[in-house]
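Subject: Structure handover

Hello,

Here is the structure I said I would pass on. My notes on what was found follow below it.

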Amino acid sequence: MSLTWPWALAALVAAPLLLVLRWWMLKRRRKLAVRVSSLALIRAALPGPRRWQRHLPVALFVLALLALGTAVARPQASLRVPTSSSSIVLALDVSQSMCSTDVPPNRLTAAQEAAREFVRSQDGGTKIGLVAFSGISGLLVAPTTDREALLAAIDGLTTARGTAIGQAILTAIDAVAEINPEVVPIGVDLGETTRPEGDGFVPDTIVVLTDGANTQGVDPVTAAEQAAGRGLRVYTIGFGTTEPAPMVCSPDQIGSGGMGTRPEWQGRFGGGRRAQLIDEDTLAAVAELTGGEYFRAEDADQLNEVLTDLPSTIVTQERDVEVTVWFVLAGALLLVGAVGLSLRWNRS
């Protein structure tokens, strides 16, 4: 917790001063009681409050003063709060290995269905962008609230050779930079920019889903450094198993820039069995470097669960929120309690 006006804590001196004043008054009353013996006898004959009943209102009053004195300093607490405007750029791997049938009917189909559910589950204020990557990466849909455009782009995903995870991250950074002036595009010297206030992160985030390892283009960790320098968190998801499985893609999942260039791959594609290993160390390093998190999903259910739970994490931000009102409320309640108990137990 931090204080906006720490010098205002001087007001807390009032509490010990009042305790000293009360001690002095009690001491003075004892001297008067000795002088006026008749009053002392009358007082002794009356049933008085118990010891703890005499001290509890005073304790509550002192606590009230401490709470109100702290409120004057305008305390702030670091809390995770929902962001009013945020964008999520979803980068999907469409490399050849996404035809693997270890996740039925194949990885690409399962990833498409999970992405659709992810898009449908977002509230209307969150902008979502879509990046697809294989050997190259491209922005299919700029961050938007148009869910129909996003769903249509997801339905039209096709596969190609190669896996350029790092390039996908850079493409996503530029997509965010187009809508958020706090994020500078790739190519701008980060030394001339400043990180956002608060916890150093912008509300926009990048989610990378891949089933393999980077095979070409910029190194993912190098790309992650660019994202981290701009306050962008990158969440990574490793999808698929390590079990060898046939490579099968339907005709509409074969892209002309990749597997579809060879005649024998036209129509339904069937390939041999192979295991596709995920570079989990790199994906975890990317997430850690940018303040994100790495997730592992071996089947469609796990992938749906990961994407469903992501919004609760990525659309919140750690901000310094002023909590003065809670200290004022606590002080007021303590003050009312102190006065009420004092009147009830000491009305004689």
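Ala 111 is buried, its relative accessible area being 3%; buried means under 20%, exposed over 50% and partly exposed in between, with a 1.4 Å probe and protein chains only. The residue belongs to helix α4 (helices, H or I, of at least four residues and strands, E, of at least two are DSSP runs numbered from the N terminus). Its C-alpha atom is 7.4 Å from that of Ala 300, although the two are 189 residues apart along the chain.

On provenance: this is a predicted model, where local features need pLDDT of at least 70 and side-chain atom pairs count only at pLDDT 80 or more, while totals for chains, interfaces and linings use all residues. Residues are numbered from 1 along each chain as its sequence is written, and side-chain values use heavy atoms, leaving out hydrogens and water.

The largest nonpolar core (buried Ala, Val, Leu, Ile, Met, Phe, Trp, Tyr and Cys residues joined through side-chain atoms within 4.5 Å) has 33 residues, and Ile 237, Phe 239 and Leu 303 touch the most other members. Elements giving two or more residues to this core include β3 (87-93), β7 (233-239) and α9. Helix α4 gives the most, 7 residues. A separate second core has 27 residues, among them Val 176 and Ala 223.

Helix α9 spans residues 300-309 and contains Asp 301. Asp 301 counts as exposed because its relative accessibility is 62%.

Regards
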